[in-house]
Amino acid sequence: MSDFQRLWRYTRQRSEEAFAALVRRHLNLVYSAALRQVRSPPLAEEIAQSVFADLARNAHKLKPDTVLTAWLYQVTRRTAVDVIRRESRRQLREQIATEMNAMNLQADSGTGFQPVWADIEPLLDEAMESLDETDRTAVLLRYFENKSLREVGQTLGTSEDAAQKRVSRAVERLREFFSKRGVPVGASGLVVVLSANAVQAAPVGLATSVSITAATTALSTATATKGTAGLKATAAAILTNAIVSQKVVATHFDLEGRPDIWMDRSTYLFFSMALGIGLPLLLIGLGYFVRFLPVNSIKIPNRNYWLAPERREVTFDFLFRHLLWLACFEAIFMIGVHLLIAHANRQVPPHLSLLLFWGVFGSGLTFVVIWLWVMLRRFRRDTISSCG
């Protein structure tokens, strides 16, 4: 199951199991990024708690194309900066000095790439911040999560070769960043160091603690929001959710029912109201104002006969009633379209039911054909009977 599917299950079905799975999948990344910046395991745990609480609160706002790894990394970075500012500078310097000495002693007694990592680690997140968003995401996927180049390309929407070039270019920029700060390292050595050390295991039991805390925080926030919003806001939310509850709505689907066009909810509701209310009102207005139009601009069969002065009022009354029927049907048809889109967006992943689509579309097409046939038959029949 993908990150988006788990988020969907959590936001729509309140699945704590789905959220816990997200925590287990990304906790090591978040904890390691926090630990590199604050240099304190307790503070790193506190940051991890805060980051996943933010995810629980904002899960419904994330778009389907959001790369959750990159989103969590950026939130961790911002949260860690806030924590560092909150801490006393003197205490932070003493803590950093003490732990850096301990790590350097451990590194000097080790083997392999550990001494290089001791130099790189304090600068790594600053170096990552210097990359643009796409390059940073590529490095996170490739070396922090050990994804294959094919998987990196799929996530970024590009080919495997293009992903390889982007990753190589990003690594070279990181190498230049470290070199300018007195940490000479080759590109291949940097790759090995990142893959081996960038993500460390979080403390045992932290995943469970984070999941419970985040879920409790999200529930408390939701309860408080509902309590202060009042009855009016609650009724409005229920009405909106009856149409579609996602922040991002799939509105167009390909021939196999897969979504290929998305809108944010406010834009979708605007267009829905315009088509479901505005268009019927326009048709009714046209039926009313047609009697004020120049006779030569009204295109109907046998116009000279039906728009003759003695039959003009009868014709205008018929056109008004006929357009009123069309307006009523258009409003009902749009309700069917809304329900169809809402049903499609409730699927995981969103998927349009072709059976329901052809049912709604076929009903609309049938009505339009009958509507046209009635109008044409009315004018032809009466003309023939009059002539006869």
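How many nonpolar, polar and charged residues does the lining of the second largest pocket have? In this predicted model, the lining comprises 12 nonpolar, 2 polar and 1 charged residues.

**Overall architecture**

The protein contains 15 helices and 2 strands. Of its 388 residues, 38% are buried. Among contacts with a separation of 6 or more, 68% are made by residues 24 or more positions apart.

**The second largest pocket**

This pocket has a volume of about 360 Å³. Its lining is formed by 15 residues, and Thr251, Phe253, Leu340, Leu352 and Phe357 are those that lie nearest the centre. Strand E1 (248-253), helix H14 (312-345) and helix H15 (354-387) each contribute at least two lining residues. The most is given by H15, which supplies 5 residues.

**Helix H12**

Helix H12 spans residues 265-289, a run of 25 residues. From its first C-alpha to its last it reaches 35 Å, close to the 36 Å expected at 1.5 Å a residue. The helix nevertheless bends by about 30° at Gly278, and Pro280 follows within four residues.

The buried positions of H12 are Arg265, Tyr268, Ser272, Gly276, Pro280, Leu283 and Gly287. An α-helix has 3.6 residues a turn, so residues three or four places apart point the same way.

Leu269 also belongs to helix H12. With a relative accessible area of 22%, Leu269 is classed as partly exposed because buried residues must fall under 20%. Its C-alpha atom is separated by 9.9 Å from that of Val249, 20 residues apart along the chain.

**Arginines with positive phi**

Two arginines in loops are set out below with their backbone angle and accessibility.

| Residue | Phi | Loop | Relative accessible area |
|---|---|---|---|
| Arg14 | about 55° | between H1 (3-13) and H2 (16-38) | 43% |
| Arg39 | about 60° | between H2 and H3 (41-58) | 5% |

Arg14 has a positive phi although it is not a glycine, and Arg39 likewise has a positive phi without being a glycine. Is each of these residues buried or partly exposed? Arg14 counts as partly exposed because its relative accessibility of 43% lies between the 20% and 50% limits. Arg39, in the loop between H2 and helix H3, is buried, because its relative accessible area of 5% is under 20%.

Note on methods. Residues numbered from 1 in each chain as written. Predicted model: local features only at pLDDT ≥ 70, side-chain atom pairs only at ≥ 80, totals over all residues. Heavy atoms only, no water. Expected span 1.5 Å × (residues − 1). Bend = angle between axes of the 7 residues up to and from the residue. Buried < 20%, exposed > 50% of the residue type's maximum accessible area, 1.4 Å probe, protein only. 1 Å grid on protein atoms, 1.4 Å probe; cavity = no way out; pocket = protein on both sides within 12 Å on 5 of 7 lines; lining within 4 Å. Points joined across faces, edges and corners; volume = space filled by probe spheres on them. Nonpolar A, V, L, I, M, F, W, Y, C, P; charged D, E, K, R; others polar. Contact = heavy atoms within 4.5 Å.
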